[in-house]
Amino acid sequence: GRGNPGAIGVRFNASNCGCVRDVAIRAGDGTGVIGLDLSYTDDFGPFFVKNVSVEGFDTGIATKHGVNSVVFENVTLRGQRKVGWHNNGHPITVRGLVSDNAVTALCQEQWGGFLTLIDAKLIGTGAASRLPAIRLAAGGMLARNVAAPGYASAIDKDQQDGREIGTVGFFH
């Protein structure tokens with residue numbers, strides 16, 4: 001709702017079987033911390049997220065902990081203020097991600113996280129022209145059929161102490 005900058009739209013947990021399907025998560029005035037929070041506990045998944053849109057919030061989706069995995073299909077992120085999706089070490093598989101943002105669409109940190117991203121359209125607007133669509137700070141990634149118009153680059157793979165961290169496979 002409006003006037004609640006600490007809001008979390010949906011905090012969800014399922015273990016071994018569950019689904020978030022056909023849901024629109026909106027920050028009434030664009031504020032709020034996280035739209036879809038899957039990062040607050042380390043014992044969730046595997047489960048399925050399908051046909052979900054997140055509008056507003058600092059972070060559209062937050063995933064964390066490398067215990068199990070989550071599969072996402074047809075997810076739309078729009079109007080986030082810090083990052084579209086923050087993955088902090090969780091193995092995620094995503095098909096059909098659409099992001100329309102002036103911030104980085106997806107940031108992956110921490111070992112254990114492996115991102116599989118297929119059929120994504122990451123649209124950068126405004127300040128995104130100076131940012132990567134995807135920032136891979138750690139872990140691995142497989143990307144296929146990913147478009148990133150409006151961003152400075154599709155993928156920025158961080159390096160630490162001159163050594164590569166993680167692996168990237170990019171196919172278009």
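D37 is a buried residue, with a relative accessible area of 1%, where buried stands for under 20% relative accessible area, exposed for over 50% and partly exposed for what lies in between, computed with a 1.4 Å probe on protein chains only. The structure is a predicted model, in which local features need pLDDT of at least 70 and side-chain atom pairs count only at pLDDT 80 or more, while totals for chains, interfaces and linings use all residues. Residues are numbered from 1 along each chain as its sequence is written, and side-chain values use heavy atoms, with hydrogens and water left out.

## D37 and R11

D37 lies in strand β3, where strands (E, at least two residues) are DSSP runs numbered from the N terminus. Its side chain meets that of R11 in a salt bridge with an N to O distance of 2.9 Å, a salt bridge being a side-chain nitrogen of Lys or Arg within 4 Å of a carboxyl oxygen of Asp or Glu. Because D37 belongs to strand β3 (residues 34-38) and R11 to strand β1, this pair ties together parts that are 26 residues apart in sequence. R11, at 48% relative accessibility, counts as partly exposed, whereas D37 is buried.

The side chains of D37 and R11 are also joined by a polar contact of 2.9 Å; the term denotes a pair of N or O atoms within 3.5 Å, of which, within protein, one must be able to donate a hydrogen and the other to accept it, and residues adjacent in sequence count only if both atoms are side-chain atoms. When neighbours within four places in sequence are left aside, D37 is in contact (heavy atoms within 4.5 Å) with I8, V10, R11, F12 and A62.

R11 takes part in a further arrangement, since its charged end sits over the ring of Y40, 4.7 Å from the ring centre. A charge is said to sit over a ring if NZ of Lys or CZ of Arg is within 6 Å of the ring centre and within 35 degrees of the ring normal.

## Salt bridges and a shared network

The structure holds eight salt bridges, including the three set out in the table.

| Salt bridge | N to O distance |
|---|---|
| D37 and R11 | 2.9 Å |
| K50 and E73 | 3.9 Å |
| D119 and R95 | 3.7 Å |

K50 forms its salt bridge with E73, and this pair links distant parts of the chain, with K50 in strand β4 (residues 47-55) and E73 in strand β6 (residues 70-78), 23 residues apart. K50 counts as partly exposed at 26% relative accessibility, while E73 counts as buried at 17%.

The side chains of D119 and R95 meet in another salt bridge, which again links distant parts of the chain: D119 is in strand β10 and R95 in strand β8 (residues 92-101), 24 residues apart. D119 is partly exposed at 29% relative accessibility, and R95 is likewise partly exposed at 44%. Salt bridges that share partners join K50, E73, R95 and D119 into one network.

## Aromatic pairs

A pair of aromatic rings is described by the distance of the centres and the angle of the planes. The structure holds two aromatic pairs, for which rings of Phe, Tyr and Trp (its six-membered ring) must have centres within 6.5 Å, with planes under 30 degrees apart called stacked, over 60 edge-to-face and the rest tilted.

F12 and F47 form an edge-to-face pair, at 5.1 Å centre to centre and with 80 degrees between the planes. Because F12 lies in the loop between β1 and β2 and F47 in strand β4, the pair ties together parts that are 35 residues apart in sequence. Both F12 and F47 are buried.

F72 and W85 also form an edge-to-face pair, with 4.6 Å centre to centre and 70 degrees between the planes. This pair links distant parts of the chain, F72 being in strand β6 and W85 in strand β7 (residues 83-88), 13 residues apart. F72 is buried, as is W85.

## Backbone angles at N16 and D119

N16 has a positive phi of about 80 degrees although it is not a glycine. Its place is in the loop between β1 (8-11) and β2 (19-26), and at 60% relative accessibility N16 counts as exposed.

D119, already met as a partner of R95, has a positive phi of about 55 degrees although it is not a glycine. Unlike the loop residue N16, D119 is found within a strand, namely β10 (residues 114-124).

Definitions and conventions. Helices (H or I, at least four residues) and strands (E, at least two) are DSSP runs, numbered from the N terminus.
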